[in-house]
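Student: I have a sequence and a 3D model to study. Can we go through them by question and answer?

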Amino acid sequence: MSLRLHAPVVLPCDPSCAVVRDAVVDVVDGRITFVGPAASAPAFDGPVRELSGILMPGLVNTHAHTPMTVLRGLGSDLPLLRWLQEAMWPNEAQMTPADMHTGMLLGAVEMLRNGVTTSAEMYFHGREVTSAVLEAGSRVVFGGAILDVPGMDWKAQTDEISSWIDSEGLRFGPGERVEVAYGPHSAYTLSAPQLTAIALEARARGALFMVHVAESPFEDEAARAEFGSVPALMKASDVLGGRVLSAHSVHLSDDDIAVYASFGVGVAHCPASNAKLASGIARVPDMLAAGVPVGLGTDGPASSDDLDLLGAARLAGMFARVSTMDATVLGAAQALLMATRGGADALGRNDIGSLEAGRWADVVHVSADDPAFATGLDAPDAQLLANLVWAAGSRRVTDVWVAGEQVVSGGESTRVDRHEAQAGVAAVAARLRSA
């Protein structure tokens, strides 16, 4: 299979966030073979798709609990720990594996319509969740949730993930759409020795270890009392050194940031969820300055409450500016890179997040038929990026390809009847309300 996409503007999301005019993206067998100006493109033996507007990489959502689409709106005015204990956990205990498939299917469609082609999910019943992703045609890094709480066996959960990787491989599915990871919930639902044991399993397989860290100022009191901080706990407990993703990471000290930088720990910054739950504003400029890979996450659709990563990019930039009182601290280009290349870096992936030869052809087309682009696609580079990030966002995403396959056309899924998926979620939500 081969395809050439030709558009007035291509944003490869290389480290400089270049704006390439009158450019093409060539795709062969699901991977990108060339990105650059049409005038210098090689001869191409395949169909050419002429597009208006902008082409950019599929967005990378570095932290989500997407099956929570069936719980959207519950406990929406509660702080984090009460929200978890009173609204989320009791309802999640009533969810079946089929419910999780239903919630993930609608969430995957919603994300694709917002230009999100990859999500890093921490949840339960991985085979049902990943089957929904494959049905929608998106991409997932699935971290099986691991907790040591009544009714759950953390060791059995860990062993299940290890067996899954050992039997099917770390990545599998068409276009390697599924990657399996370990999802230890946090240092307040698992002990330090348990985190160590899970990390050893992950490192032995080159798998991602994703964990909630310092989301609110109150959750990690026991760990802080003994170790000083959760990052210090992880360092002392030999958790670091492999592929580690620290979700939220709102309340970090200078020492914590230095630890993350020295071990290459990625951070999933979730500005919408952190604001809605009044968890705080993460020190993103300081992390980036220290060389910590920072991506963006939506968190669950019951906490953020949308699955809009360009919306998260906009918030990330604004929160960074208001928290430092510096309007220059995080610009549109940097915000866009956090949603794309930065997210891939945070996950330890070099095959997604950018339009570069060799990477998977996860491509998003943004139409310029919108007031946000009324100043023209020929506007200076900085203005064009500003209009995309600050003004347009995801509302003009019209077409999406994953591994070279078109999975969104004209703003709708090519694979899933969205209205049927919405009806499925409505039925699950109604049953949970009556339980």
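What follows is a set of questions and answers on this predicted model.

Student: What is the volume of the largest pocket?
Tutor: Start with the idea behind the search. Rolling a probe the size of a water molecule over the atoms shows where empty space is left. For the largest pocket, the computed volume is about 780 Å³.

Student: Which residues lie nearest the centre of the largest pocket?
Tutor: The lining holds 36 residues. By class, they divide into 20 nonpolar, 10 polar and six charged. Nearest the centre of the pocket lie Tyr-123, Phe-124, Ala-145, Leu-147 and Met-152.

Student: Which element gives the largest share of the lining of the largest pocket?
Tutor: Several elements give two or more residues to this lining: α1 (80-92), β7 (116-123), α3 (126-136), β8 (139-146) and α4 (154-168). The largest share is five residues, and it comes from α1.

Student: How many bridges pair β7 and β8?
Tutor: Take one bridge as an example. Ser-119 has Val-140 in β8 as its bridge partner. The two strands run in the parallel sense, and the number of bridges is six.

Student: How many of the residues of β8 are buried?
Tutor: Check one side of the strand, then the other. On one side, Arg-139, Val-141, Gly-143 and Ala-145 are buried. On the other, Val-140, Phe-142, Gly-144 and Ile-146 are buried too. The count of buried residues in β8 is eight of eight.

Student: Which helix gives the largest share of the largest nonpolar core?
Tutor: In soluble globular proteins, nonpolar side chains tend to be buried together. Here the largest nonpolar core has 129 residues; Leu-11, Met-56, Trp-83, Phe-209, Met-234, Tyr-260 and Leu-336 touch the most other members. Its largest share, eight residues, comes from helix α2 (residues 97-113).

Student: How many residues are in the second, separate core?
Tutor: Its members include Leu-5, Ala-7, Ala-361 and Trp-401. The second core has 15 residues.

Student: What is Leu-336 in contact with, leaving aside neighbours within four places in sequence?
Tutor: Leu-336 is among the core residues that touch the most other members. Setting sequence neighbours within four places aside, its contacts are Leu-11, Cys-13, Cys-17, Met-56, Leu-310, Leu-385, Leu-388 and Val-389.

Student: Why is strand β16 described as largely enclosed by the rest of the structure?
Tutor: Look at the strand residue by residue. β16 covers residues 397-402. It is largely enclosed because the number of its residues that are buried is six of six.

Student: Which residue in the hairpin of β16 and β17 takes a positive phi?
Tutor: β16 pairs with β17 (residues 405-409) in the antiparallel sense over three bridges. One bridge joins Val-400 to its partner in β17, Val-408. Two residues sit between the strands of the hairpin, and the one with a positive phi near 50° is Ala-403.

Student: Which residue in β16 is the bridge partner of Val-366?
Tutor: β16 also runs antiparallel to strand β15 (residues 363-366), with four bridges joining them. In β16, the partner of Val-366 is Val-397.

Student: Is Asp-351 buried or exposed?
Tutor: Asp-351 lies in the loop between α13 (341-347) and β15. Not counting residues up to four places away in sequence, it touches Arg-31, Arg-171, Glu-176, Arg-359 and Trp-360. Its relative accessible area is 5%, and buried means under 20%. So Asp-351 is buried.

Student: How far apart in space are Asp-351 and Arg-31, C-alpha to C-alpha?
Tutor: In sequence, these two are 320 residues apart. In space, their C-alpha to C-alpha distance is 9.2 Å.

Student: Which residues does a cis peptide bond join?
Tutor: Most residues other than glycine have a negative phi, and most peptide bonds are trans. Here omega is about 5° at a cis bond. One partner, Asp-305, is found in the loop between β14 (294-296) and α11 (309-324). The cis bond joins Ser-304 and Asp-305.

Student: Is Met-325 buried or exposed?
Tutor: Met-325 is found in the loop between α11 and α12 (332-339). Its phi is positive, about 55°, although it is not a glycine. Exposed means over 50% relative accessible area. At 71%, Met-325 counts as exposed.

Technical notes: Residues numbered from 1 in each chain as written. Predicted model: local features only at pLDDT ≥ 70, side-chain atom pairs only at ≥ 80, totals over all residues. Heavy atoms only, no water. 1 Å grid on protein atoms, 1.4 Å probe; cavity = no way out; pocket = protein on both sides within 12 Å on 5 of 7 lines; lining within 4 Å. Points joined across faces, edges and corners; volume = space filled by probe spheres on them. Nonpolar A, V, L, I, M, F, W, Y, C, P; charged D, E, K, R; others polar. Core = buried A, V, L, I, M, F, W, Y, C linked by side-chain atoms within 4.5 Å. Buried < 20%, exposed > 50% of the residue type's maximum accessible area, 1.4 Å probe, protein only. Contact = heavy atoms within 4.5 Å. Pairing = 2+ DSSP bridges.
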